[in-house]
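Work through the exercises below with the model open. Try each task before reading its solution.

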Amino acid sequence: MGWPLERLRRVRFVRRFSRTERTLHWVNAAGFLLLLASGLILYLPRLSVLVGRRPLIKDVHLWGGIGWIGALAIVVLLGDRRGILRTARELEVLEPSRFNVGQKVNALLNAAFALLFLVSGLLLWFGERDTRFRFTSTVLLHDILMYAALTLLVGHLYLAVIHPATRHSLRGMTRGTVREDWAKRHYPRWAPPPAD
Amino acid sequence: MNRSTPPAEYELMDDPSPKRYGRGLFLTTLFGGLTSIAWGRPVWSRLSGSLAGIESLVPLVPHGWRIYSVADTMPTFDPATWRLAIDGLVQQKLALSYHELRALPQSHQITDFHCVTGWTVKNVHWKGVRLSEIFDRARPFPEAHALQFVSAEQPYLDYLTLQQSQLKDVMLAYEMDGKPLTREHGAPLRLVIPEMYGYKGVKWLNRINLVPQAGDGYWEYLGYDRDAWVGRSNGYGA
């Protein structure tokens with residue numbers, strides 16, 4: 001009768017994401033979703049009409065964007081900078097390691113998109129007041145980034161939350177650990193440190 | 001230890017210069033995105049012709065139009081109480097009901113709509129009345145050299161000089177693409193000036209005030225040009 005518990009005890013966990021990495025991920029996710037929601041209200045005519053209060057939504061979007069980038073910078077500054085640097089180096093090489101190639105591409109594109117969102121967003125913001133910052137293609141870049149980032153997000157959510165074979169990875173981003181056998185199966189090139 | 005034949009599993013780790021395709025991807029994306037501020041619009045306008053079919057399959061995505069407003073709620077239109085006031089330096093002040101406005105001689109036009117933020121909607125089909133129909137009835141005094149267009153969306157307003165108001169295809173439009181103006185497009189009446197950027201085309205128009213000279217409209221007060229010529233103002237063109 002006691003055997004399921006016996007088996008449970010033998011499940012070993014390994015550390016996958018540090019506290020800094022997880023904080024960075026969730027701060028990024030929260031900021032992105034806030035900006036996506038407020039941005040879509042500004043962008044889609046039907047939502048604009050439904051919600052109204054454009055000046056308020058605009059403030060939320062603009063200051064939310066500043067807050068997003070600022071919060072990410074603070075997490076990096078106060079967190080495990082060396083660990084973040086190590087992860088960044090790992091992402092530079094597109095070969096399976098702690099991450100598979102798809103995850104690396106996703107992370108790299110999102111990082112590039114965040115910077116491009118910031119630059120194009122600031123140009124749109126300042127361009128409203130000063131013609132030196134006004135370019136006809138800025139708004140196009142900001143839009144296309146949104147569509148591209150949304151596409152990545154849909155794929156990311158599917159693999160992290162829905163797809164049975166991969167959704168265990170969510171635990172790595174919430175609690176920081178994953179099952180050792182799962183890690184070995186999905187990341188054969190990764191030698192994970194044991195969880196505490 | 002024989003250094004000439006290292007164990008296979010060490011080869012990757014000891015590789016002095018691992019191929020940094022990840023860094024390349026990141027930098028290429030960044031570079032492409034940043035430079036697209038210079039080349040994005042012309043390339044897109046060439047592409048969008050072939051993409052037009054796909055675009056219309058997605059009902060939620062705006063087909064070129066973006067909706068800008070400055071107040072907390074968009075004005076609502078009640079045909080029973082709505083009036084277009086024409087006052088100021090006129091011999092005959094008017095307060096046209098929606099019904100009376102629709103009874104005035106109609107005009108049609110197909111013109112492009114340009115926004116100062118960089119987007120354009122081509123071939124918009126407008127229906128409405130010419131300002132000359134209004135002038136015929138209100139008869140401005142000779143001292144009236146400009147028109148102040150006031151929106152129901154406070155505090156939006158803008159001006160045209162009398163001369164600019166006689167530009168080709170300036171229209172008080174109540175229909176767009178075969179349908180009465182929708183709320184977000186300024187129902188029931190908006191100003192259309194194809195030769196100028198959209199911020200001059202006051203939406204939710206409910207008052208035309210004839211004044212001695214033009215002043216700053218909503219966006220001009222915030223630094224936009226008073227004469228909003230497409231391609232020749234607001235930092236664009238010469």
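**Exercise 1.** How much area does chain A expose, and what percentage of it do carbon and sulfur atoms supply?

Solution. This is a predicted model: local features need pLDDT of at least 70, side-chain atom pairs count only at pLDDT 80 or more, and totals for chains, interfaces and linings use all residues. Residues are numbered from 1 along each chain as written, chains are lettered from A in the order written, and side-chain values use heavy atoms, without hydrogens and water. Chain A exposes about 11300 Å² (Shrake-Rupley method, 1.4 Å probe). Carbon and sulfur atoms supply 67% of that area.

**Exercise 2.** Describe how α4(A) packs on α6(A).

Solution. Locate the helices (DSSP runs of H or I, at least four residues). Helix α4 of chain A spans residues 54-78, and helix α6 of chain A spans residues 101-127. Their axes (lines fitted to C-alpha atoms over the stretch in contact) lie 11 Å apart, at an angle of about 145° (on a scale from 0 to 180 degrees between N-to-C directions). Next, list the contact (heavy atoms within 4.5 Å). From α4(A) come A:L62, A:W63, A:I66, A:W68 and A:I69. From α6(A) come A:A114, A:F117, A:L118, A:L122 and A:W125.

**Exercise 3.** Which three residues of chain A supply the most area buried against chain B?

Solution. Start with the contact: 43 residues from chain A and 44 residues from chain B. The buried area (accessible area lost on being put together, 1.4 Å probe, summed over both parts) is about 3800 Å². Carbon and sulfur atoms give 66% of it. On the chain A side, A:R54, A:E92 and A:R134 supply 16%, more than any other three residues.

Terms used. Helices (H or I, at least four residues) and strands (E, at least two) are DSSP runs, numbered from the N terminus. Buried area is the accessible area (1.4 Å probe) that two parts lose on being put together, summed over both.
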